[in-house]
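The following exercises are to be worked with the sequence and the model at hand. Each task is followed by a solution in steps.

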Amino acid sequence: MQTGDLVSDFTLSDQAGVPRTLSTVLEAGPVVLFFYPAAMTKGCTKESCHFRDLAAEFVALSAQRVGISMDSVDRQAQFTSKNNLDYPLLADVDGAVAKQFGVKRAVDFLRVKRTTFVIGQDRRVIDVITSEMNMNIHAERALEALAKLKP
């Protein structure tokens with residue numbers, strides 16, 4: 001999945017078991033969809049908490065934050081509760097959505113490449129952010145991409 005690509009619609013359960021469909025979430029504004037390898041790990045916690053801590057900046061740009069990993073709904077619920085996350089975490093247990101986005105790894109240990117997609121309300125990819133080492137760059141670059149959408 002690259003900048004300008006049209007994202008196929010999908011539905012996954014969030015940490016509460018509620019089905020979330022991309023097109024429905026997009027009705028409220030652009031979506032920042034960030035893939036992370038595994039809930040409850042050091043790097044993923046740092047990244048997820050950074051997205052949480054920048055909530056006001058995302059709200060100001062009418063953007064929705066959505067995390068996604070191959071963890072179970074229960075694991076996502078534990079991760080949300082432990083870190084007071086205020087946005088949906090989707091359970092892509094079989095990796096189908098990760099594969100659709102081209103971020104599923106062949107090696108099951110790391111599962112997905114840490115990648116963030118900024119998706120416009122037209123379901124087009126506005127920006128793709130990749131970094132395995134800099135956990136903060138995902139939220140910061142997403143905010144920069146979203147700011148460019150504002151007139």
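A residue is called buried under 20% relative accessible area, exposed over 50%, and partly exposed in between (1.4 Å probe, protein chains only). The model is predicted, so local features need pLDDT of at least 70 and side-chain atom pairs count only at pLDDT 80 or more, whereas totals for chains, interfaces and linings use all residues. Residues are numbered from 1 along each chain as its sequence is written, and side-chain values use heavy atoms, with hydrogens and water left out.

**Exercise 1.** Determine the exposure class of arginine 52 and describe its surroundings.

Step 1. Arginine 52 is located in helix 2; helices (H or I, at least four residues) and strands (E, at least two) are DSSP runs, numbered from the N terminus.

Step 2. The relative accessible area of arginine 52 is 24%, so the residue is partly exposed.

Step 3. Contact means heavy atoms within 4.5 Å. Leaving aside residues up to four places away in sequence, arginine 52 touches Arg65, Asn83, Asn84, Leu85, Asp86 and Tyr87.

Step 4. Arginine 52 and asparagine 83 are 31 residues apart along the chain, and their C-alpha atoms are separated by 8.9 Å.

Step 5. A polar contact is a pair of N or O atoms within 3.5 Å; within protein, one must be able to donate a hydrogen and the other to accept it, and residues adjacent in sequence count only if both atoms are side-chain atoms. Such a contact, at 2.9 Å, links the side chain of arginine 52 to the side chain of aspartate 53.

**Exercise 2.** Establish which residues of helix 4 are buried and how they are arranged about its axis.

Step 1. Helix 4 spans residues 73-83, and Gln76, Phe79, Thr80 and Asn83 are buried in it.

Step 2. Viewed down the helix axis, these buried residues fall within an arc of 100°, so they line one face of helix 4. The arc is that of the directions from the helix axis to the C-beta atoms.

Step 3. The buried residues of helix 4 pack against helix 2 (42-53), strand 4 (64-69) and strand 5 (89-91).

Step 4. Asp74, Ser81 and Lys82, on the other side of helix 4, are exposed.

Step 5. Just after helix 4, asparagine 84 has a positive phi of about 50°.

**Exercise 3.** Identify the strands that pair with strand 6 and state how its two faces are covered.

Step 1. Two strands pair if DSSP finds at least two bridges between them.

Step 2. Strand 3 (residues 31-35) pairs with strand 6 in the antiparallel sense over five bridges; valine 31 has isoleucine 119 as its bridge partner.

Step 3. Strand 6 and strand 7 (residues 125-130) also run antiparallel, joined by five bridges, and valine 118 stands opposite aspartate 127.

Step 4. In the hairpin of strand 6 and strand 7, five residues lie between the strands, and arginine 123 takes a positive phi near 70°.

Step 5. Thr115, Phe117 and Ile119 are buried on one side of strand 6, as are Thr116 and Val118 on the other.

**Exercise 4.** Explain why cysteine 44 forms no bond with cysteine 49.

Step 1. A disulfide is a pair of cysteine sulfur atoms within 2.5 Å.

Step 2. The closest cysteine sulfur to that of cysteine 44 belongs to cysteine 49 and is 11 Å away, which is too far for a bond.

Step 3. The structure holds zero disulfides.

Step 4. Cysteine 44 is buried at a relative accessible area of 1%, and cysteine 49 is buried at 11%.
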